[in-house]
Amino acid sequence: MKNIALYKFLVIAGLTILSSCSSDNDVENAKVKTTLFKENFTDNTDGTSLNTTGWTNYAQVGTKKFTEEIYSGNGYAEFTSYQSGQASNIAWLISPGFDMNKQDGEKLVFQAAHAYLTTTENSLELMVSTDYDGNIANFNQSNWLSLPITKPTPSNDFYEYVNSGEIDLSNFNGTLHFAFKVKGSGTNTSQDATYQIDNIRLYY
């Protein structure tokens, strides 16, 4: 009888553990750390230019910028060069600045999705800078480094969120800004895909 009771306990315990797991491992793991910053775009107004507090929405080439979008109650940042009428569109969504000298072991995670992505020329990059001063007028005088991330590819389903993986920022000192840089085209239909970004966490 004890063996039967023990077996039932183990089965129930196993089911409980399995039912509590999330497929969004990177995002969930961030929650057990000390969160320095998070952004879920919960204050979005659907279909408007993104103006979330602390962020800089910058069109480096062309006029297309990131927009605020909401689907089924979930807010996210979106960029597409679709119907821009411009041969090249490059936009940046630049974070607030963070003092990297106040703590150690900083990591960043986020999620991104795509729609109609067919070519790597239509790209998403994560950029970081420690000499950007937060003034967009001085953007061209700052240095930006592209960091490796896991991002959506044409093999992913449309609007399927992909975890970025844990991005190590612990080697950076001073004030750091990170940014999402996107490239597209409004005249080349193979490069007018959509990118969506959400669930950003900076933690240590």
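Two strands pair if DSSP finds at least two bridges between them. Keep that rule in hand for the first stops of this tour, which runs through a predicted model.

**Stop 1: strand β13**

Select residues 175–184, strand β13. Of its 10 residues, 8 are buried, so the strand is largely enclosed by the rest of the structure.

Now add the partners.

- Show β6, residues 89–94: 6 bridges join this strand to β13, and the two run antiparallel. To check the register, pick Asn 89, which stands opposite Gly 184 in β13.
- Show β9, residues 124–129: this strand is also antiparallel to β13, with 6 bridges. Leu 124 has Val 182 of β13 as its bridge partner.
- Show β7, residues 98–99: here 2 bridges join the strand to β13, again antiparallel. Asp 99 stands opposite Thr 175 in β13.

While the strands are on screen, turn on side chains. In a regular strand the side chains alternate between the two faces of the sheet.

**Stop 2: the aromatic rings**

How many aromatic pairs are there? The count comes to 16. Start with Phe 110 and Phe 180: the ring centres are 4.9 Å apart and the planes stand at 75°, so this pair is edge-to-face. The pair links distant parts of the chain, with Phe 110 in strand β8 (residues 107–115) and Phe 180 in β13, 70 residues apart.

Are these two rings' residues buried or exposed? Phe 110 counts as buried at 1% relative accessibility. Phe 180 is buried too, at 0%.

Next, jump to Phe 158 and Tyr 159. They form an edge-to-face pair, 6.4 Å centre to centre, with 80° between the planes. Phe 158 is partly exposed at 42% relative accessibility. Tyr 159 is partly exposed as well, with a relative accessible area of 44%.

Then go back to Phe 110 and Phe 180 and widen the selection. Both belong to one aromatic cluster, together with Phe 37, Phe 41, Trp 55, Phe 98 and Phe 178. Colour the cluster as a single group.

**Stop 3: Arg 201**

Select residues 194–203, strand β14, and pick out Arg 201. Which side chain of opposite charge is nearest to Arg 201? That is Asp 198, 6.8 Å away. A salt bridge requires a side-chain nitrogen of Lys or Arg within 4 Å of a carboxyl oxygen of Asp or Glu. Arg 201 is buried yet has no salt bridge.

Finish by selecting Asn 40. Its side chain and that of Arg 201 are joined by a polar contact of 2.9 Å.

Key: Residues numbered from 1 in each chain as written. Heavy atoms only, no water. Helix = DSSP H or I, 4+ residues; strand = E, 2+ residues; numbered from the N terminus. Buried < 20%, exposed > 50% of the residue type's maximum accessible area, 1.4 Å probe, protein only. Lys, Arg positive; Asp, Glu negative; His and termini not counted. Polar contact = N/O pair within 3.5 Å; in protein donor to acceptor, adjacent residues only side chain to side chain. Phe/Tyr/Trp six-rings, centres within 6.5 Å; stacked < 30°, edge-to-face > 60°.
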